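Thank you for making the time this morning. I would like to walk through one structure with you, going element by element, so please have it open as I speak.

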Amino acid sequence: MNNSVSNTARLLGAGLRALLALTLVTGVLYPLVVTGIAQGLFHDRANGSEVKADGRVVGSSLIGQAYNLPLKKGQETPEPDLKWFQGRPQNGLGSNSVNTRYKLVLSGATNRSGDDEELIQWVKDAKAAVVEDNSTGTHKVKPSQVPADAVTSSGSGLDPDISPEYADLQVHRVAGKNGLPVARVEKLVDEHTEGRTLGFMGEPRVNVLALNIALRELLTKS
Amino acid sequence: MGPVLAGVLQLLALVAALALAHRPLGDHMARVYSSDRHWRVEKWIYKGIGADPGTQMRWPAYLRGVLAFSAAGVLFLYLLQRLQGVLPGSLGFSSIDPDQAFNTAASFVSNTNWQSYYGEQAMGHVVQTAGLAVQNFVSAAVGMAVAVALVRGFMRSRSGELGNFWSDMVRGVTRILLPVAAIAAVVLVACGVIQNFSGIHEVGQFTGGPQQWNGGALASQEAIKELGTNGGGYFNANSAHPFENPSPFSNLFEIFLILVIPFSLTRTFGRMVGSPRQGYAILGTMATIWLGFTALMMWTEFAHPGPAFDLAGGAMEGKEVRLGVSTSSIWAVATTLTSTGAVNSFHSSFTGFGGGIQLLGMQLGEIAPGGVGSGLYGMLIMAVIAVFVAGLMVGRTPEYLGRKIGTREIKLAACYILITPALVLVLTAAAMALPTPGDSMTNSGAHGFSEILYAYSSGANNNGSAFAGLNADTQWFNTTIGLAMLLGRFLPMVFVLALAGSLAGQRPIPVTAGTLRTEKPLFTGLLVGAILIITGLTYFPALALGPLAEGLAA
């Protein structure tokens with residue numbers, strides 16, 4: 001009995017020493033070497049692909065953000081600022097409940113199933129809002145024209161992109177709100193539409209932050 | 001080009017890349033596990049362990065090594081999380097509660113990477129990089145070591161010797177996982193995956209006001225997370241998060257990393273038993289199931305049955321624009337047919353049938369191609385069962401690779417295939433019967449049941465993905481899923497190693513005209529059939545209550 005206890009202890013000790021040795025290799029040396037290479041060769045990307053405009057950081061090209069009006073008194077959810085292109089709904093985003101001295105954004109999805117009543121309602125409301133917001137006096141949007149990404153939340157809640165269809169749908173509204181010709185805004189969207197990588201990887205998309213930065217440049221110039 | 005065609009082309013590109021890589025990588029792994037030479041760094045590690053890497057172990061000694069090393073892993077990771085609050089370099093994050101720390105330790109040591117925590121608000125740099133990421137390496141290396149021990153069971157005769165656990169495990173890290181992960185990490189940084197040690201910092205926004213973000217060693221962890229079929233995300237959104245998976249190319253590359261070792265190990269197996277064609281028969285079985293599941297998944301996700309998806313005009317809920325429906329489907333199948341569980345889109349928001357395909361993928365035992373190591377040994381167990389079934393049909397004593405499959409061998413294989421279904425079904429039934437676990441469901445009805453069935457299927461099969469609507473951070477789920485992960489990982493290993501020992505003790509029997517030719521396509525067909533029938537019979541009632549009911553109602 002004593003023998004087997006001491007054998008077990010000896011074996012556990014060996015396991016622990018093996019773990020510590022491998023922790024040194026894979027948990028200290030490996031990440032440090034990779035960080036060194038990453039910071040040396042790809043400094044901007046390794047630090048979050050930050051985007052600057054007018055001399056200040058306005059976000060990351062990889063992370064979606066909200067383009068809202070400032071909260072009014074008594075308001076709980078902000079309204080979208082319709083002069084800017086809007087991204088996808090972000091119903092899956094959360095805020096942190098642990099280590100609350102920080103105000104962290106919690107990435108995530110809604111995790112609702114296709115037959116979930118609440119999801120059905122969200123999609124209905126989002127669709128109605130997209131149709132209403134993007135219909136101008138001369139240009140009417142039909143519900144059938146609204147693409148799926150405009151009314152669904154992404155997996156991360158931080159999707160930086162929208163489909164080219166959703167960007168096109170917003171052109172008349174953005175042109176109207178900013179007093180720009182529709183053709184000029186259409187051209188802007190075309191310039192910022194990215195096709196599939198090598199023609200077949202991923203899906204065509206428009207980076208909303210890049211598009212809005214270009215729009216603001218256009219507005220300050222004109 | 002339409003999205004369906006683009007999806008098919010991406011799948012073909014993936015198949016081509018895997019076909020190119022599997023021979024050189026498989027041969028390399030066969031050399032690694034057959035070599036007599038030790039690298040200098042490995043000698044230092046053996047000296048630290050106090051183990052002689054030349055000692056041959058029989059199966060009980062090999063098993064003791066696996067269990068001692070894994071127990072040390074659980075203990076270390078548990079303590080690291082419990083002490084996070086006082087450790088430097090932890091962003092000032094507080095310590096993890098005991099039940100969640102146990103769950104997470106069990107999860108990462110068992111190669112599951114089930115996460116009942118949100119990465120960005122709970123785990124600081126030290127726990128992520130020196131705790132969780134280390135287990136991503138070593139738990140994968142343990143799986144590969146056990147698979148190699150089983151393969152040696154088919155090679156050795158009348159000795160019962162299966163190799164040396166310490167040497168197999170250490171080499172798996174130093175010569176296979178570490179070099180590939182290092183290259184992959186640099187590729188991922190080039191795509192935009194972050195790699196820094198900055199603390200929580202503010203980043204400006206377009207309309208003003210800052211957001212708070214954590215930095216971290218993501219690329220180095222992301223690489224081994226996929227390569228070792230681990231799947232634990234740095235952030236809550238896992239590989240749907242743009243910092244973990246920024247572009248369509250990084251996405252395909254990460255799917256490749258998930259699949260490359262499990263598929264290549266069939267080549268290693270063929271080389272080691274002296275007949276690459278035996279390896280191809282296993283590879284064919286894995287590829288058939290994988291491609292079939294992928295085709296079904298793409299079909300149901302593009303057809304998107306379900307009221308919310310019909311209304312939206314596509315199944316884009318929980319999916320990213322840059323990745324689209326097609327590669328979300330390809331990823332979802334790759335991650336549930338391996339023991340990975342990383343996600344680039346959220347499984348709970350797949351169609352009813354799509355969720356069913358994910359569940360069935362895990363319930364097959366993750367053998368097509370399966371986790372690193374665990375896929376190969378799981379598939380070889382199924383091959384033993386298939387050979388036995390064939391033997392019953394023609395009335396001959398079954399044999400596989402020159403070894404008799406006798407009473408002892410078939411008992412061990414049967415025990416292996418009974419463990420995980422027992423864990424999944426008993427725990428699901430218990431959670432449904434008790435009054436409180438059901439409070440954790442987000443969705444009601446059939447999908448709510450699926451959330452719980454998914455959680456235990458994922459835990460006991462060491463997958464780690466989730467129908468994440470389930471609030472799993474309760475004492476009940478942390479404890480029961482933690483136990484399911486440990487039992488679902490290590491009990492099967494006991495039977496695999498016992499089987500290996502039994503095979504290695506036999507005298508090989510010569511091939512005759514009456515031998516079942518296990519390297520032929522006919523055997524691949526038999527094996528696919530045996531897998532689908534056994535799993536189907538086991539899980540059909542449970543699947544009928546969950547995803548099938550949801551899918552048929554849509």
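Let me begin with a question: what covers the buried residues of helix 15 of chain B? Before I answer, please keep in mind that this is a predicted model. The cover includes helix 14 (374-394), helix 16 (445-460), helix 17 (475-504) and helix 18 (521-553), which also belong to chain B. The residues of helix 15 that are buried include Leu412(B), Tyr416(B), Ile417(B), Pro421(B), Leu423(B) and Leu427(B), and among them are also Glu409(B) and Thr420(B).

Staying with helix 15 of chain B, its 27 residues, 407-433, should span 39 Å at 1.5 Å a residue, and its end C-alpha atoms are 37 Å apart, which agrees. There is nevertheless a kink of about 25 degrees at Leu418(B), shortly before the proline Pro421(B).

A second helix in chain B deserves a look alongside that one, namely helix 6, which covers residues 125-155. From its first C-alpha to its last, this helix of 31 residues reaches 44 Å, close to the 45 Å expected at 1.5 Å a residue. Helix 6 of chain B also has a kink of about 25 degrees, centred here on Gln135(B). As for its surroundings, 29 of the 31 residues of this helix are buried, so it is largely enclosed by the rest of the structure.

Now to chain A, where the domain assignment gives domain 1 (1-47) and domain 2 (64-221), and where the C-alpha centres of these two domains lie 43 Å apart.

Chain A also holds an open sheet of 3 strands, in the order 5-7-6, with antiparallel pairing. Strand 5 and strand 6 (193-194) stand at the edges, each with a single partner strand, so one side of each is left without a neighbour in the sheet. Strand 6 of chain A is joined to strand 7 (residues 205-207) of chain A by 2 bridges, and in one of the pairs Glu194(A) has Arg205(A), in strand 7, as its bridge partner.

Finally, how many residues does the contact between the chains take from each of them? It takes 86 residues from chain A and 100 residues from chain B. On the side of chain A that touches chain B, the elements giving two or more residues include helix 3 (117-134) and helix 6 (208-221) of chain A, but helix 1 of chain A gives the most, with 21 residues. By class, that side of chain A has 39 nonpolar, 31 polar and 16 charged residues.

Technical notes:
Residues numbered from 1 in each chain as written. Chains lettered and ligands numbered in written order. Predicted model: local features only at pLDDT ≥ 70, side-chain atom pairs only at ≥ 80, totals over all residues. Contact = placed C-beta atoms within 7 Å. Helix = DSSP H or I, 4+ residues; strand = E, 2+ residues; numbered from the N terminus. Nonpolar A, V, L, I, M, F, W, Y, C, P; charged D, E, K, R; others polar. Domains from an automatic or database assignment. Expected span 1.5 Å × (residues − 1). Bend = angle between axes of the 7 residues up to and from the residue. Buried ≥ 20, exposed ≤ 12 C-beta atoms within 10 Å, placed from the backbone. Pairing = 2+ DSSP bridges.
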